[in-house]
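Take a moment to look over the sequence and the model before reading on. We will go through the chain step by step, beginning with how its strands are put together.

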Amino acid sequence: MRKRLLVPALAALGLCGCSVGHTEYSRTALSHVDMSFTGAPTILGLGTLGTTIPLTPEYSLTAAHVAKFALQRVKAYHPYCDVAIIYHKNSPYTLTKFRSSEMGEPIKMYGYSFVSALPVESEGVNLARTTIRNLWNKKPCMAVASNAGVVQGMSGGGVYNRDDTLAGVIVGYTSGIKNNRSGKVFLKDVSLYIPYGEFKTWLQSNINQAPGNSA
């Protein structure tokens with residue numbers, strides 16, 4: 001599948017709405033993500049709920065802005081992307097498999113809805129790579145914009161490829177992405193996630209193993 005390469009754009013996390021795209025209740029999400037209660041609002045929520053991804057029997061993966069206020073202890077924050085590892089007891093057989101995802105490739109997103117506190121999912125495709133610059137995402141971190149839906153509470157949830165490998169971590173959404181040079185908006189109402197390639201080396205060094213089969 002041919003990669004779509006675009007001029008880097010500035011994506012501001014849109015907080016004016018509750019969601020983008022379509023999501024629906026999902027029993028499948030129960031086997032992919034866990035609910036996390038936090039002590040302060042998350043980027044995708046006005047209340048105290050976020051999502052985490054079981055990683056190994058001892059650790060889970062989530063967004064750094066969720067981990068900051070989560071009840072679980074934090075093992076490590078990524079130095080420039082909105083990703084963190086937390087201590088969390090998972091199934092002794094847990095070992096997440098990762099795979100980097102291509103532009104145009106179909107994905108599914110799993111998380112918990114703050115409104116209903118129920119597991120939800122959405123589906124879409126990868127649209128473009130883009131930058132995010134805020135408290136949690138700094139240069140040279142890159143994100144992926146997708147047309148998969150997100151709702152409040154899905155921060156820290158998982159983005160999965162068609163083969164059920166983990167492609168990244170949900171971190172937010174935006175009402176529009178502008179081209180840095182022309183200022184023209186070329187994508188509207190998209191979800192944002194940090195792709196595996198951005199945190200692969202950091203993740204492996206912090207858990208002292210390569211989770212599953214990664215590429």
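Two strands are said to pair if DSSP finds at least two bridges between them. With that in hand, look at β13 and β14: they run antiparallel and are joined by 3 bridges. One place to see this pairing is Tyr 160, which stands opposite Leu 166 in β14. Please keep in mind throughout that this is a predicted model.

Now step back to the whole chain. It contains 2 helices and 15 strands. Of its 215 residues, 54% are buried. The accessible surface comes to about 9800 Å², and carbon and sulfur atoms hold 54% of that surface. Among contacts with a separation of 6 or more, 66% are between residues 24 or more positions apart.

Let us return to β14, which covers residues 166-179. Why can this strand be called largely enclosed by the rest of the structure? Because 12 of its 14 residues are buried. Besides its pairing with β13, β14 is joined by 9 bridges to β15 (residues 185-195), and these two strands also run antiparallel. Here Gly 176 stands opposite Lys 188 in β15. β14 and β15 form a hairpin with 5 residues between them, and Gly 183 in the turn has a positive phi of about 75°. Phe 186 also belongs to β15. With a relative accessible area of 29%, Phe 186 is partly exposed. Its C-alpha atom is separated by 7.5 Å from that of Gly 176, although the two residues are 10 apart along the chain.

Next, find β9. This strand is mostly covered, with 5 of its 7 residues buried. β9 pairs with β10 in the antiparallel sense over 7 bridges, and with β13, again in the antiparallel sense, over 4 bridges. On the β10 side, the bridge partner of Ile 107 is Gly 124. On the β13 side, Tyr 110 stands opposite Gly 158.

Tyr 110 also leads us to the aromatic rings. The chain has 5 aromatic pairs. In one of them, Tyr 110 and Tyr 160 meet edge-to-face, at 5.6 Å centre to centre and with 70° between the planes. Tyr 110 lies in β9 (residues 106-112) and Tyr 160 in β13 (residues 158-161), so this pair ties together parts that are 50 residues apart in sequence. Are these two tyrosines buried or exposed? Both Tyr 110 and Tyr 160 are buried. Elsewhere, Phe 98, Tyr 196 and Phe 199 form one aromatic cluster. A ring can have a charged neighbour too: the charged end of Arg 73 sits over the ring of Tyr 87, 4.1 Å from its centre.

Two members of that aromatic cluster bring us to the inside of the model. The largest nonpolar core has 36 residues, and those touching the most other members are Leu 61, Phe 98, Ile 194, Phe 199, Trp 202 and Leu 203. Elements that give two or more residues to this core include β5, β6, β9, β14, β15 and α2 (196-207). Which element gives the largest share of this core? It is α2, with 5 residues. To see how one residue makes its contacts, follow Phe 199: leaving aside residues up to four places away in sequence, it touches Leu 61, His 78, Val 83, Phe 98, Gly 168, Val 169 and Ile 194. Apart from this core lies another one of 15 residues, among them Ile 107, Val 151, Met 154 and Val 159.

Finally, let us visit some details of the backbone. Most residues other than glycine have a negative phi, and most peptide bonds are trans. Which residues depart from this pattern here? One is Ala 117, whose phi is near 60°, a positive value in a residue other than glycine. Ala 117 lies in the turn of the hairpin formed by β9 and β10, which has 6 residues between the strands. This alanine is partly exposed, with a relative accessible area of 37%. Another is Asp 164, with a positive phi near 70°. Asp 164 belongs to the hairpin of β13 and β14, where 4 residues lie between the strands. At 45% relative accessibility, Asp 164 counts as partly exposed. As for the peptide bonds, the one from Lys 139 to Pro 140 is cis, with omega near 10°. You can find Pro 140 in the loop between β10 and β11.

Conventions: Residues are numbered from 1 along each chain as its sequence is written. This is a predicted model: local features need pLDDT of at least 70, side-chain atom pairs count only at pLDDT 80 or more; totals for chains, interfaces and linings use all residues. Side-chain values use heavy atoms; hydrogens and water are left out. Rings of Phe, Tyr and Trp (its six-membered ring) pair if their centres lie within 6.5 Å; planes under 30 degrees apart count as stacked, over 60 as edge-to-face and the rest as tilted. Buried means under 20% relative accessible area, exposed over 50%, partly exposed in between (1.4 Å probe, protein chains only). A charge sits over a ring if NZ of Lys or CZ of Arg is within 6 Å of the ring centre and within 35 degrees of the ring normal. A nonpolar core is a set of buried Ala, Val, Leu, Ile, Met, Phe, Trp, Tyr and Cys residues joined through side-chain atoms within 4.5 Å. Contact means heavy atoms within 4.5 Å. Accessible areas come from the Shrake-Rupley method with a 1.4 Å probe; for residues, only the protein chains shown count as cover.
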